[in-house]
Amino acid sequence: MMRFLLRRTLLAIALLAVAGAAQAFAQETVLVTTRVIYPGETVTTDALEEVPLRRQLRNPAAFARAWGQIDGKVARRTLLPGRLIGLSAVRDAYLVETGKPVQVRFVQGVLEISVAGVPLQAGAAGDLVKVRNIDSGVVFTGTVMGDGSIRVSES
């Protein structure tokens, strides 16, 4: 009789644990697109939908689960409707474009030198890009800043 009660209690505990895990799993959501988004197109919230996760993911951190993770990003490859969005499938929007003149700044203490330059590659904030000085033709590397300018440090 005691064994029967013990087994029954252990079975009830196991069922509660499984039910609790299933309920926690069912509450997880991911973001999917509602239409086809082509490479180079900006992802906006009107093209996204939050859906409950149907199966457990091997690497949940690799997929978009929060709006801020992909809103305003640019698609690297075609995103299909109803499919999970991998974070590697989107990138930050470029602040500087190849061939479009930008302001290049060298700042050291109170000294600030500013020249016009042409980026030789596109880049988002924080990216290192090659830039050609319009006046001298010298090519150098600088960091793209949040305002779309490029900052050069002493080397």
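This tour moves from the whole chain to the largest pocket and then to two buried residues, in a model that is predicted.

**The whole chain**

Begin with everything selected and coloured by secondary structure, where the protein shows 2 helices and 9 strands. If you follow the elements from the N terminus on, they run α-β-β-α-β-β-β-β-β-β-β. Switching to a surface representation, you are looking at an accessible surface of about 10400 Å², of which 56% belongs to carbon and sulfur atoms. Of the 155 residues in the protein, 25% are buried. Should you draw the contacts with a separation of 6 or more, residues 24 or more positions apart account for 43% of them.

**The largest pocket**

Next, select Val-30, Val-32, Val-51, Pro-52, Leu-53, Arg-54, Arg-55, Gly-82 and Leu-84, which together line the largest pocket. Two elements each give two or more residues to this lining, namely strand 1 (29-33) and strand 2 (48-52). The space in the pocket amounts to about 190 Å³. Colouring the lining by residue class divides it into 6 nonpolar, 1 polar and 2 charged residues.

**Thr-33**

Stay with strand 1 and select Thr-33, which is found in that strand. Is Thr-33 buried or exposed? Its relative accessible area is 1%, and because the cut-off for buried is under 20%, Thr-33 counts as buried. Now show the side chain of Thr-33 together with the backbone of Leu-80, since the side chain reaches the backbone oxygen of Leu-80 at 2.9 Å. To see what surrounds Thr-33, leave out residues up to four places away in sequence and display those that Thr-33 touches: Ala-47, Leu-48, Leu-79, Leu-80, Pro-81, Gly-82, Arg-83 and Ile-85. One of these contacts, Gly-82, is also among the residues that line the largest pocket.

**Ser-149**

For the last stop, move to the loop between strand 8 (139-144) and strand 9 (150-152), and select Ser-149, which is found there. Although Ser-149 sits in a loop, this residue is buried, with a relative accessible area of 7%. Which side chain makes a polar contact with the side chain of Ser-149? Display Asp-147, whose side chain makes that contact at 2.7 Å. Finally, with residues up to four places away in sequence again set aside, add Gln-103, Arg-105, Thr-143 and Val-144, which Ser-149 touches.

Methods:
Residues numbered from 1 in each chain as written. Predicted model: local features only at pLDDT ≥ 70, side-chain atom pairs only at ≥ 80, totals over all residues. Heavy atoms only, no water. 1 Å grid on protein atoms, 1.4 Å probe; cavity = no way out; pocket = protein on both sides within 12 Å on 5 of 7 lines; lining within 4 Å. Points joined across faces, edges and corners; volume = space filled by probe spheres on them. Helix = DSSP H or I, 4+ residues; strand = E, 2+ residues; numbered from the N terminus. Nonpolar A, V, L, I, M, F, W, Y, C, P; charged D, E, K, R; others polar. Buried < 20%, exposed > 50% of the residue type's maximum accessible area, 1.4 Å probe, protein only. Contact = heavy atoms within 4.5 Å. Areas by Shrake-Rupley, 256 points an atom, 1.4 Å probe, with all protein chains shown as cover. Polar contact = N/O pair within 3.5 Å; in protein donor to acceptor, adjacent residues only side chain to side chain.
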